[in-house]
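Reader: I would like to go through the reasoning behind some of the labels used for this protein. Please set each value against its rule.

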Amino acid sequence: MNGKIVGAAIVSHHPGLMQCEEFRRLQGAGEDSDLIAGYARLRQKIQAAKPDVVMIFDSHWFTTGYHLVDGGARYSGSYISDEMPWYLHGVPYDYRGLPALALEVEAVSREKGGYNRAICHPDLGRQYATINLIKQLRLEHSDTPVVTASSCQNCEWPAFVESGEVIGEAVRRSGLRVVMLGSGALSHKFNNIDWKPKHPRIFHESNVSRPENIASDKGAIALFEQGRHDTILERWDEEYRRMPWEAWGAHYLQIIGALGGSACRAKGEPLSAYENARGTGNIHIWFDTEQHQRA
């Protein structure tokens with residue numbers, strides 16, 4: 001018992017961030033993406049939180065029938081994206097998992113009649129929403145265990161909040177200090193294949209797919225800063241689900257479920273500029289869970 005969530009964040013993982021600095025600066029009209037500097041800021045937050053494990057809510061790991069948690073003891077290999085193999089390939093990875101946490105999530109879910117399950121096969125495929133964060137946050141270097149949670153594709157959004165509630169209870173029972181990272185974008189509508197940039201800096205927010213997406217994303221960021229997750233949930237059906245957010249917002253909703261759902265008042269601190277990636281809205285934003293849990 002007495003485990004707790006010692007930090008949480010929404011984090012961008014887009015493949016352009018894995019290219020070399022020369023390429024990124026070329027795309028950025030001479031300047032790098034601020035999401036790169038944001039990773040360094042996020043590393044400092046994570047180091048200060050001193051987690052026993054980092055849990056990544058992966059907006060690319062789509063599952064059917066269950067919210068899955070990877071329970072392997074170690075994952076290693078060389079990653080190539082089947083989505084864009086010419087662009088993201090040859091990424092080595094070798095990191096520890098934490099089977100005990102995955103199994104605790106399943107145990108709590110079964111007790112409550114839920115749909116969270118652990119999958120403990122070491123050959124389970126990896127997704128770049130997990131791998132890119134592991135590399136950029138240097139979690140292999142610190143030998144920090146990483147546990148990944150999926151985005152179930154056949155449920156309504158309240159089920160993601162319920163999944164988070166189960167995971168939050170499992171964390172409390174585990175006795176572990178956990179940092180949670182929601183790996184994904186906010187609005188997630190791609191620009192067409194023949195799209196021409198409005199601004200020479202590809203990362204500039206004006207290159208996000210639609211003005212209404214920019215306005216909605218910025219409104220959500222302002223609510224994050226105020227800690228008004230209740231307002232975001234109230235608006236979910238009419239606004240954020242319709243954008244939609246990446247993976248229907250599964251990466252965010254599960255974290256908020258773990259932090260108390262509508263009662264969560266964890267204030268968000270932007271750790272990067274708001275940027276475009278192929279039309280999607282991206283930002284790193286850290287939530288002060290320690291202050292929220294003391295309140």
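Author: The questions below deal with overall form, then with charged pairs. The model is predicted.

Reader: How do you know that the radius of gyration agrees with a compact globule?

Author: For 295 residues the globule rule gives a value near 19 Å, and the protein has 18 Å, so the two agree. The C-alpha trace spans about 55 × 40 × 35 Å along its principal axes.

Reader: Why is the contact between R96 and D143 called a salt bridge?

Author: The rule asks for a side-chain nitrogen of Lys or Arg within 4 Å of a carboxyl oxygen of Asp or Glu. In this pair the N to O distance is 3.3 Å, so the rule is met. R96 is in strand 5, while D143 is in the loop between helix 4 and strand 7, 47 residues apart.

Reader: What makes D143 partly exposed?

Author: Buried means under 20% relative accessible area and exposed means over 50%. D143 has 38%, so it counts as partly exposed. R96, at 30%, is partly exposed too.

Reader: Why does the pair E205 and K218 tie together parts of the chain?

Author: The closest N and O atoms of E205 and K218 are 2.7 Å apart, in a salt bridge. E205 lies in the loop between strand 8 and helix 6, and K218 in helix 6, so the pair joins parts 13 residues apart in sequence.

Reader: Which residues are joined by salt bridges that share partners?

Author: E111, E169, R172 and R173 form one such network. The protein has 18 salt bridges by this rule.

How values were computed. Residues are numbered from 1 along each chain as its sequence is written. This is a predicted model: local features need pLDDT of at least 70, side-chain atom pairs count only at pLDDT 80 or more; totals for chains, interfaces and linings use all residues. Side-chain values use heavy atoms; hydrogens and water are left out. The radius of gyration is taken over C-alpha atoms; the globule rule is 2.2 Å times the number of residues to the power 0.38. Helices (H or I, at least four residues) and strands (E, at least two) are DSSP runs, numbered from the N terminus. Buried means under 20% relative accessible area, exposed over 50%, partly exposed in between (1.4 Å probe, protein chains only).
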